[in-house]
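Reader: Please choose one part of this model and describe it closely, moving from the backbone to the side chains. Kindly give the cut-off behind each term where it is introduced.

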Amino acid sequence: MMMNIVVEFFVVMLKVLWAIVMAGLKWLIRPKEKSVAGQVCVITGAGGGLGRLFAKEFARRRATLVLWDINSHSNEETAEMVRQIYREQDDNSMAKEVQVALSFVGIK
């Protein structure tokens, strides 16, 4: 009885150590990030919140953006932020290519 408990304890300890080692290896050997430079990214809800955050991050990664939001004013604010990021990267051609898509919802 006592021997089974000791064996189970060591088995559990080995599994925990193995999990820690594997987590450390995954942290050290990260997968290569995919480049989005030049890719077209459609971002819905770009007028605020996570959509705005994603728009700015994809702009920093040099993606071509299509911004979509129901609120045209906040969508245009995000577009101007994105254009500014492109200008800071000396990429005026990308700053001109930012497209703002407006969504019109018709309620019948």
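Author: In this predicted model, helices α2 and α3 run roughly parallel to each other, a label given to angles under 35 degrees, whereas those over 145 are roughly antiparallel, 65 to 115 roughly perpendicular and the rest oblique. Their axes cross at roughly 20 degrees and come within 9 Å. Each axis is a line fitted to C-alpha atoms, for helices over the stretch in contact, with angles from 0 to 180 degrees between N-to-C directions. The crossing of α2 and α3 is right-handed, the near helix being turned clockwise from the far one by less than a right angle.

On the α2 side, the contact (heavy atoms within 4.5 Å) is made by R52, A55, K56, A59 and R60. Helix α3 contributes S74, E77, T78, M81, V82, I85 and Y86. Sorted by class, the contact of α2 with α3 holds six nonpolar, two polar and four charged residues. Here Ala, Val, Leu, Ile, Met, Phe, Trp, Tyr, Cys and Pro are nonpolar, Asp, Glu, Lys and Arg charged, and the others, Gly among them, polar.

One charged pair spans the two helices. R52 forms a salt bridge with E77, and their closest N and O atoms are 3.5 Å apart; the term requires a side-chain nitrogen of Lys or Arg within 4 Å of a carboxyl oxygen of Asp or Glu. Because R52 belongs to helix α2 (residues 49–60) and E77 to helix α3 (residues 72–88), this pair ties together parts that lie 25 residues apart in sequence. Helices here are DSSP runs of H or I with at least four residues, strands are runs of E with at least two, and both are numbered from the N terminus. The partners fall into separate accessibility classes: R52 counts as buried at 17% relative accessibility, while E77 counts as partly exposed at 36%. Buried stands for under 20% relative accessible area, exposed for over 50%, and partly exposed for the range in between, with a 1.4 Å probe and protein chains only.

R52 also has further neighbours. Leaving aside residues up to four places away in sequence, R52 touches G45, A46, G47, S74, E77, T78 and M81. Of these, S74, E77, T78 and M81 are also listed on the α3 side of the helix contact.

Other salt bridges lie within a single helix. In α2, the side chains of R60 and E57 meet at 3.6 Å, N to O. These two residues are three positions apart, about one turn of the helix. R60 is partly exposed at 44% relative accessibility, and E57 is partly exposed at 34%. R60 and E57 also belong to a network of salt bridges that links them with E33 and R61. R60 thus appears both in this network and in the contact with α3.

Helix α3 has a pair of its own, R83 with E80, whose closest N and O atoms are 3.6 Å apart. Since R83 and E80 are three residues apart in α3, about one helical turn separates them. R83 is buried at 16% relative accessibility, but E80 is partly exposed at 37%. In the whole structure, the search finds seven salt bridges.

Between the two helices, the chain passes through a loop and a strand. R62, in the loop between α2 and β2 (64–69), has a positive phi of about 65 degrees although it is not a glycine. R62 is partly exposed, with a relative accessible area of 32%. In strand β2, D69 is buried, with a relative accessible area of 11%. D69 and I43 are 26 residues apart in sequence, yet 8.4 Å apart in space from C-alpha to C-alpha.

For the chain as a whole, there are four helices and three strands, in the order α-β-α-β-α-α-β from the N terminus on. Of its 108 residues, 27% count as buried. Among contacts with a separation of 6 or more, 57% are between residues 24 or more positions apart.

A note on conventions follows. Local features need pLDDT of at least 70 and side-chain atom pairs count only at pLDDT 80 or more, while totals for chains, interfaces and linings use all residues. Residues are numbered from 1 along each chain as its sequence is written, and side-chain values use heavy atoms, with hydrogens and water left out.
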